[in-house]
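Welcome! Open the structure in your viewer, keep the selection tool at hand, and follow along one stop at a time.

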Amino acid sequence: MLKLYTYFRSSAAFRVRIALNLKGLEYTAIPVHLVRNGGEQHAPAYVARNPSHLVPLLEDGELGISQSLAIIEYLDEAYPTTPLLPQDISARARVRAIALSIACDVHPLNNLRVLNYLKTELAVDDAKRDAWYQHWVALGFAAIERMLSDDARTGRYCHGDAPSLADCCLVPQVFNALRFKCPLEAYPTLTRVYEACMQLPAFERAAPAAQPDAE
């Protein structure tokens, strides 16, 4: 049985939950609360499994894998039914580029530990913290909108008419942008793809509110 160490609001864990659902893989969710008691991700028992003090962590038998994109690519190779990467080499590169634009350029500047550092260590108030969040989302989403709207390979989803690794990354980032009240009117293609994804049960069941640890 696959085990996923997860937190309901984690964008990275959300990506992996989507991938598992798209592939129809059963898994046991093990909640790791990132706030309670100073953050359960810092507990020695968890750090022994994942030295990065982050979620998600996937265990497949004796194998433990951290980092959401590494997990999803592992799942795609180990469980190839419903592939999340195209067969064509140029198409795979495009899907990875969209995914990495989100996972590397946008998300790291807006994740929980960065926002907490701004508030607790740099004394940034909530209004300025939200402005920080919205600035980096706008910069990243403008680039991703162009990647989608300027390429004929964009279909119902980020690449063609089947969800891919790119959609697994896009949906959690848009979900959080909405949570932080980021204006999205300038990104019609991006939001159209998000809305198409959220009509699928695999995405709905992966959403934060549907998780057993949701608050």
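Start by selecting S101 in this predicted model. Is S101 buried or exposed? Its relative accessible area is 16%, and since buried means under 20%, S101 counts as buried.

Now show helix α4, which covers residues 89-110, and you will find S101 within that helix. Next, add A97 to your selection and look at its backbone oxygen: a polar atom of the S101 side chain lies 2.8 Å from that oxygen.

Which residues farther along the sequence does S101 touch? Leaving aside residues up to four places away in sequence, select V106, I144 and M147, and you have its contacts.

Time to move on to the strands. Select β3, residues 57-60, and turn on the side chains. L57 and E59 point one way, while L58 and D60 point the other way. Every one of these four residues is buried.

With β3 still displayed, add strand β1, residues 2-6. These two strands pair in the antiparallel sense over four bridges. To see one of these pairings, pick L4 and then its bridge partner in β3, L58.

For the next stop, add strand β4, residues 63-66. It also pairs with β3 in the antiparallel sense, over four bridges. Here, select D60 and look for its bridge partner in β4, which is L63.

Finish at the turn. β3 and β4 form a hairpin, with two residues between the strands. Click on G61 in that turn: its phi is positive, at about 65°.

How values were computed
Residues numbered from 1 in each chain as written. Predicted model: local features only at pLDDT ≥ 70, side-chain atom pairs only at ≥ 80, totals over all residues. Heavy atoms only, no water. Buried < 20%, exposed > 50% of the residue type's maximum accessible area, 1.4 Å probe, protein only. Pairing = 2+ DSSP bridges. Polar contact = N/O pair within 3.5 Å; in protein donor to acceptor, adjacent residues only side chain to side chain. Contact = heavy atoms within 4.5 Å.
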